[in-house]
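Colleague: Could you take a close look at the enclosed space inside this model and describe what surrounds it, with the cut-offs behind each term?

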Amino acid sequence: MAPQPLHESLLDVAGKKIFVAETGDGPPVLLLHGGGPGTSGVPSYHRNIGALAEEFRVVVPDLPGYGRSTKGVDASDPVGHLADTVRGLLDELGLDRAHLVGHSYGGACALRLALDTPERVGRMVLLGPGGVGTTRSLPTPGLTALLNYYTGDGPSRPKLERFVREYLVVDATEISDQDIDDRYRASIDPEVVASPPLRRPSGRGALRTVWRTDVTRDRRLGRLRVPTLVLWGARDKVNRPRGGRMLAERMPDCDLYTVANTGHWVQFERAELFNRLCSGFLAGRR
């Protein structure tokens, strides 16, 4: 079957311009990308969009601060800011409810949206989500590399290449030099450099921001009955795989699948497995 074309639009969401690519028909699914430097929606899910569009209306936004969307994120509550924006995007799209797929930072966003307004979420698939147990241990080497990208001597191509090849995936042979070049160019957008969308909390409210970001500190998690599938790479160097067990133990309706020989980018590294599990779960073929 020939892939369906992507329809692109720039929507106004609470005064912010949010870029969205859409394709397919059926129940709506939003694919929320991670927070690494230079990332955005379609490149993060380019191995998955076509497969999911065979059954679903697939909506792929660039989150605030990334890609073609408005730059700048509320540093006092970044995950809440992302969740509020995605909820506003649902309103702009005329969707009372949608399935959410969230990777890393996008997974934290999906969880926050579901905790705040569970009636807006059908089912949820989380891929090595951020904000799980982050106040219970020191940052991983991969997360440290990510958070250090804009600090010190500033962004550089070698920094980005190291993050992608050493920390994002287990087998970097499928990552081309062009992929690195594209991400690097996106990462040095002057607006992004001036206000990175993912950074270490600082200032007087830093402790509160850190605490708020860790979803395992949120008592609502134990009451969240949104059916959820967590996929976590067993060799994830950015977000610790034990976070999957934390979610499965706390959430009332959460399945956990640990993916062998896989790092932080499950939907890229194990695309065929992800596409099958994600489609089946979202369609209720559990």
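Modeller: What follows describes the cavity and its lining, and then two residues taken one at a time. This is a predicted model, in which local features need pLDDT of at least 70 and side-chain atom pairs count only at pLDDT 80 or more, while totals for chains, interfaces and linings use all residues. Residues are numbered from 1 along each chain as its sequence is written, and side-chain values use heavy atoms, with hydrogens and water left out.

The structure holds one cavity of 30 Å³ or more, a cavity being a set of points, on a 1 Å grid over the protein atoms alone, where a 1.4 Å probe fits but cannot get out. About 110 Å³ of space lies in the largest cavity, the volume being the space filled by probe spheres set on the grid points, which are joined across faces, edges and corners. Its lining (residues with an atom within 4 Å of a point) comprises 13 residues, of which Gly34, Gly36, Thr39, His103 and Leu168 lie nearest the centre. By class, the lining residues divide into four nonpolar, eight polar and one charged, where Ala, Val, Leu, Ile, Met, Phe, Trp, Tyr, Cys and Pro count as nonpolar, Asp, Glu, Lys and Arg as charged, and the others, Gly among them, as polar.

Turning to single residues, Leu147 counts as buried because its relative accessibility is 13%, buried meaning under 20% relative accessible area with a 1.4 Å probe and protein chains only. The C-alpha atoms of Leu147 and Pro37 are separated by 9.2 Å, although the two residues are 110 residues apart along the chain. Asn48 also counts as buried, at 0% relative accessibility.

Notes. On a 1 Å grid over the protein atoms alone, a cavity is a set of points where a 1.4 Å probe fits but cannot get out, and a pocket is an open set with protein on both sides within 12 Å along at least five of seven lines; lining residues have an atom within 4 Å of a point. Buried means under 20% relative accessible area, exposed over 50%, partly exposed in between (1.4 Å probe, protein chains only).
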